[in-house]
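The exercises below concern contacts, burial and backbone geometry. Work through each task before reading its solution.

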Amino acid sequence: MKKSKSTETGSSESVSILFEIKAFFTSVRTTVFLLFAIAFGAILGTIIPQGETLDRIAISGNPFLYRLALIFDINNVFRSWWFTVLLTLLTLNILGCLFRRLPLIFQDWRSRDTKSSFTLHFRSILGSQELKDKLMSVGQTIMGSSPKVSEAPDQTHYSWDRQKIYLLGFPLIHVGIIVILLGSMVGAYWGFKGHVMIAEGDSTNKFSLIPSNETRKTPFTIIVDSFKLVKYPTGEPKEFRSDVRLSQNGKDVVSGSILVNHPLTYEGISLFQSDYRVVGIKNIKLSFKTKEGSSSEKVFDPHQEIDIPGADAKLKTLSLDPGTMAQGTGIQLNIIGNTDKPKLISIYQKDQKTLDINGVQIRFLGFTPLYATGLQIGYDPGVRVVWLGCSMLVFGFILTLFTNLQKLSIELNSSKTGTNVTISGRSRKLRKEFRQKVEGEFLGISELEKQN
Amino acid sequence: MGNIELNTYLAFGYLLWIIGYLITFVVIRERTSLSRFFWLALIVLWILHTVSIGLRWVESYQLGIGHAPLSNLYESLVFFSWSVALALIVVWRRFGTDLVALLGVPIVFLILASTFLIDPSIRPLIPALQSNWLVAHVFTCFLGYSGFAVSFVAALLLLLAKSSDKAANLLPRKAILDEIVYRSIMIGFPLLTLGIITGAAWAEHAWGTYWSWDPKETWSLVTWLVYAGFLHARLSRGWSGGRTALLSVIGFCAVMFTYFGVNYLPGLHSYF
């Protein structure tokens, strides 16, 4: 870095510091450093378990880890102060580089000939209009458009450019990245994410925030009419579907289904299918077979007390065991006979032996579970900004990859002995190919004599 | 013949190709006409590979659970090896470097052979994978990865050429290798970017968060950052040759970790 040579220390020192700060923010060296530093930080975030609370690290008995967690938030890398600082520095650095480059890009856009990547010198004894026309038409074949012409006494200048839009690629990519980072900040400050568990038939307008677990309210009430779990014949889940209604001031405003990959959005707040749980039983199905051979089935809800057909007794469900035993799902029944004391009996879906009550064989056929659906609630006003940034990024890449800026200029200087012709060209990509093409075309003109 | 059987034959086809070409390379110095034969053989293998992917697609519809064959580890490995083979063919055509293919096809073989170790059956799509974003996401990511794979191969050759003059005489010119290292990343990087963006769009759609720092997401970002570093070092800092080749090797290690290593950590990408 340059040091000021001036002997006046005060102001020149501050000038040189300012200069160094400016150099830091406009240098690509900084960009490369920051990219690798962020990569390193991100790797840390995948190696060290994230989301552990400080208290738990404190009792884990590793004081060094605790201190690291306290100062560097290594238990929460992606929300830590230093990771945020790195991202902010990257944003500033990209901005700095953009401001440094933009005037050059603008200049390149406006003028047809700036710096060239190759120059060819020719001499011709012709000084006529014929030579001009010939050179111009060759240039036109290469570039596919008519040139910009500027003429002065004894001097003619033709210049072409092609696909200037290529120049927009660089700023679009870099502005795109800044826009994405800004969008993520908008989301982090004004957005929220939460989760709620609602049983079928229930409704609520409260949910808990992730990760703080605080309770918040939605501006509408979520009513869950039903939850359905569909499986493939192979047993893998095929569909999780929550049929919900949203109501405001007692009136339904929206109704629809929420599935994985199919959220429901109202007033900017989206509801996503996240998980489910069995919270109870809707009904139970039992079969009964009497000694005489007549069989029947009964479907009843778990609180109901029912008669056992053919036996002088009643039964009632006490509890359900959703399949922790090898025999599958089981229920505990309370058998209430007229004479005996109430009996507690467990019966499982996969039992080999049937249950016998006063000669009636009872089998547990199945049950319909009562589900609670887990919905994720998300609000992120920054999402559109992020997608805007992504679009800019993609569009910038398309321009950079699929367009190419090419410039060609021909300068003729006439003198008494003949004409000096200078041809210079520039191509942002495929430089060699462009140069070969230009050379090939112009070397083929017999009136031109190549000079070194 | 089913696609799984075809994939087995294909793996052996690639292996035969490698052995055949290696023998030719060692025994016969003049290899122009044979080189042409192996070029055609590689294209035939790749076409069969394409057929195999198409066949699996058709078979999934016959099973009544039709979906693009990009939905689990087996299918992604088959597709990854397909796209690496494609990239090698493109580079061979563009730069005339058969050695890059000779070193690259073993990667194709290894990826395809690794599918012998895992369950090849066609499974129905679980709810999280039932999205059109799946196809766009997997397609762009793996095409990008294949660019990085080719860059990696060229980078290894370049590092080899730099370490010994004897090797350098046998290898393509350093300038060409350097060009392949750079150009492949120039193609791979935008594709990876698109892969990350489509993945983010999908996550937003399915879970309501476009970015949740799950290990796979984070590692894909690490990969992206390494290659972004590569491009800035090369384009603005004037790095080339050995230093950028080393970055390309590091980048491909990050790709491999993103693809395989992360699977052992819990996260949203547990199906790949």
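**Exercise 1. Determine the area buried between chain A and chain B, and describe the contacts across this interface.**

Step 1. About 3600 Å² is buried between chain A and chain B, and carbon and sulfur atoms give 72% of this area. Buried area here is the accessible area (1.4 Å probe) that two parts lose on being put together, summed over both. The model is predicted: local features need pLDDT of at least 70 and side-chain atom pairs count only at pLDDT 80 or more, while totals for chains, interfaces and linings use all residues. Residues are numbered from 1 along each chain as its sequence is written, chains are lettered from A and ligands numbered from 1 in the order in which they are written, and side-chain values use heavy atoms, with hydrogens and water left out.

Step 2. With contact taken as heavy atoms within 4.5 Å, 44 residues of chain A are in contact with 45 residues of chain B.

Step 3. Two salt bridges are counted between chain A and chain B, a salt bridge being a side-chain nitrogen of Lys or Arg within 4 Å of a carboxyl oxygen of Asp or Glu. One of them joins A:Glu236 to B:Arg123, with the closest N and O atoms 3.1 Å apart.

Step 4. Eleven residue pairs between chain A and chain B, both residues at pLDDT 80 or more, are in polar contact. A polar contact is a pair of N or O atoms within 3.5 Å; within protein, one must be able to donate a hydrogen and the other to accept it, and residues adjacent in sequence count only if both atoms are side-chain atoms.

Step 5. On the side of chain A that touches chain B, the elements giving two or more residues are helices H2 (28-47), H7 (169-190) and H8 (383-402) with strands S7 (237-248) and S10 (269-289). H2(A) gives the most, with eleven residues. Helices (H or I, at least four residues) and strands (E, at least two) are DSSP runs, numbered from the N terminus.

**Exercise 2. Describe how the two domains of chain B meet.**

Step 1. Chain B is divided into domain 1 (1-125) and domain 2 (128-272); such bounds come from an automatic or database domain assignment. Their C-alpha centres lie 20 Å apart.

Step 2. In domain 1 of chain B, 25 residues are in contact with 29 residues of domain 2 of chain B. The area buried between these domains is about 2400 Å², with 84% from carbon and sulfur atoms.

Step 3. The salt-bridge count between the two domains of chain B is zero, and five residue pairs (both at pLDDT 80 or more) are in polar contact. Helix H3 (73-95) and helix H4 (98-114) of chain B are the elements that give two or more residues to the domain 1 side, and H3(B) gives the most, with 13 residues.

**Exercise 3. Which residues touch the most other members of the largest nonpolar core, and is B:Thr97 buried or exposed?**

Step 1. A nonpolar core is a set of buried Ala, Val, Leu, Ile, Met, Phe, Trp, Tyr and Cys residues joined through side-chain atoms within 4.5 Å. The largest has 120 residues, and those touching the most other members are B:Tyr14, B:Trp17, B:Trp92, B:Val100, B:Tyr145, B:Phe148 and B:Trp224. Helix H5 (residues 132-163) of chain B gives the most to this core, with 15 residues.

Step 2. Not counting residues up to four places away in sequence, B:Val100 touches B:Leu88, B:Val91, B:Val150, B:Val153, B:Leu157, B:Leu177 and B:Ile180.

Step 3. B:Thr97 lies in the loop between H3 and H4 of chain B. B:Thr97 is buried because its relative accessible area is 3%; buried means under 20%, exposed over 50%, partly exposed in between (1.4 Å probe, protein chains only). Beyond four places in sequence, B:Thr97 touches residues including B:Trp92 and B:Pro172.

**Exercise 4. Where do A:Gln163 and A:Leu430 lie, and what sign has phi in each?**

Step 1. A:Gln163 lies in the loop between strand S3 (155-162) and H7 of chain A, and A:Leu430 in the loop between strand S19 (418-427) and helix H9 (431-443).

Step 2. Phi is positive in both, about 55° for A:Gln163 and near 45° for A:Leu430. Most residues other than glycine have a negative phi.

Step 3. A:Gln163 is partly exposed, at 39% relative accessible area, and A:Leu430 is partly exposed, at 42%.
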